[in-house]
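Biologist: Let's go through the strands and a pocket. I want a reason for each label.

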Amino acid sequence: MIKHKAHHSGSLNLNWQSTLSIGTRVVVGIDAITKLTDILMQIDAGKNILLLHQSKLFAEQIDHIRNSLHAKDVSLHNLEISDGEECKSVNELIKIWGVLYELKFSRQDTIIAFGGGTVSDIGGFAASTYLRGINLVVIPTTLLAQVDAAIGGKTGINFNSGKNLIGNYCFAKAIIVDTNTLACLPKKQFVSGLAEIIKYSFLEKTIASETEYLQGPRSLLSILLDNAPDLSWDNELLSGIIIACIKMKLAIVATDPQEKALRRCLNLGHTLGHALESVSKFDLSHGEAVAIGMAFAFQMAVLRGQIGEADKHRALGLIEAAGLPTTIPKGLKVEALLDSMFLDKKREGEGIKMVLPRNDLGIVEYKELIKKSDIEITLAKFNRQESLNP
C-alpha cells in the first residue's frame, strides 16, 4: 500500500514524495527534474540510458540531464520520436527496439520517457517488452500526463483505428513531476489536462470510500467549482490539485493495479472519449473527447434514474467553465462512434462496463454492464442536443 496516507487542502506550491509497494518512486514539485540524477543512482538505473522525447521544446532540461549524467559516467542516448498520437505505432515501437538492440541495452539499463502521455505509453511498452523488461523512468511534461496518463503503469500503442488496443502494464521505477514544464504548454493542451482533473473530482468520494485516500477538509470538486475559470499553470492552487489527483491515482493502483475492479472507475468519460478521438482522427484532444464522454455519462445516468438533472447541470457547468466541450462536434456520425465504442477493451458481449455517476457528485458505479441498445438510444439523443447545460 502507499506509505503516505493521502489528503489535500489546495495548498500552495507543494513538494511531495512517496513510494509505492510496487517499487515506484514518485517526486512532485517545482524543479523536481533536478533530482533525476540522484534518483537514477538510487534505483540502480544502469550505465546506458535512452531518453525518449518528441521535440526540442525542453532543450534546456535535456541539456541539464545530459550534463549531469555525463558527470556520473553514464551514457545518455537521445531518440526523438514522432509528435502526438503518431508516435504510438508499431513502426515507432520497432524503431525504439532497434535502437535498444544497436546500443546493446541490458536488463539493468533504463528508458526515460520525457514528454506527454503518448511518450510514457510507448516508452513503457518498449521498456516492458525489450528483453522482457528493462527499467523505466517517466518525466511527464503535460498536465494530462502529470495527473493521469503517466501515473499507474498502463502502456499502450494504437492499432488500426483503435486507441490503446495493444498494451500491458509496466510500473516505472520513478516518476518525476516537475510543475515548471507546464509553463511551456499551449492553452489547448493545458485545458485538455483539466478534463482529467475534473474527472477525479467526480470520483473522489468513491475513491475515499474504497482506498486509503483521505479526502481533505474541502473536496476537489468544491475547489474546482470555485476556481475552474482561473486555473492556469502559475495558479497557486495548481500544485496542490496535481498532488491530490496523483494521490487518488496511486491509492487506486495500490488497491487494484491491473484494473480488475476499482481501477475501472478511472474510465469515466473514456468509452465515448476514445471513440471520439478515433473517429475524429484525433482532431479532438484526449481531454476534449473525455469531457464530452463525461457529459454523455451524466446524460445516461439521468436517463437511468441514477442522478438528478440538477447535479448533471452542476457537473456540465464545471466542464464548460474550464473551457471544455460537452457536445459531439457536427460531422461525427453516431454509427461510427458506436462501432468504435464496441472495439473498446471494456466491452463484454453485447454490452460495455461503463462508469456512470450515481446518487451524488463524486460517487460512481463502475461494475454495471450497459446494453448496446441502451447505449445506442442514449447516444442518438445525446447527439441531437445543442447544449446539455442551458
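Modeller: This is a predicted model. Start with strand E11 (residues 351-353) and E14, which join through three bridges in the antiparallel sense.

Biologist: How do you know that E11 and E14 pair?

Modeller: Pairing needs at least two bridges. E11 and E14 have three bridges, so they count as paired. Ile352, for instance, has Ile370 in E14 as its bridge partner.

Biologist: What makes E10 and E14 edge strands?

Modeller: The open sheet has three strands in the order E10-E11-E14, with antiparallel pairing. Strand E10 (347-348) and strand E14 (369-371) each pair on one side only.

Biologist: How do you know that strand E12 and strand E13 pair?

Modeller: At least two bridges are required. Strand E12 (residues 356-358) and strand E13 (residues 360-365) are joined by three bridges, so the pair qualifies, and the two run antiparallel. Arg358 has Asp360 in E13 as its bridge partner.

Biologist: What lies between E12 and E13 in the hairpin?

Modeller: One residue separates them. Asn359 in the turn has a positive phi of about 75°.

Biologist: Now the second largest pocket, with its volume of about 190 Å³. Which residues are closest to its centre?

Modeller: Lys187, Phe190, Val191, Leu231 and Ser232, out of 15 that line the pocket. Helix H6 (residues 187-201) gives the largest share of the lining, four residues.

Biologist: Why is Lys187 called a lining residue?

Modeller: A lining residue has an atom within 4 Å of a pocket point. Lys187 is among the 15 lining residues, so Lys187 meets that cut-off.

Biologist: How does the lining divide by residue type?

Modeller: Into 12 nonpolar, two polar and one charged. Lysine counts as charged, so Lys187 belongs to the charged class.

Conventions:
Residues are numbered from 1 along each chain as its sequence is written. This is a predicted model: local features need pLDDT of at least 70, side-chain atom pairs count only at pLDDT 80 or more; totals for chains, interfaces and linings use all residues. Side-chain values use heavy atoms; hydrogens and water are left out. On a 1 Å grid over the protein atoms alone, a cavity is a set of points where a 1.4 Å probe fits but cannot get out, and a pocket is an open set with protein on both sides within 12 Å along at least five of seven lines; lining residues have an atom within 4 Å of a point. Grid points are joined across faces, edges and corners, and a volume is the space filled by probe spheres set on the points.
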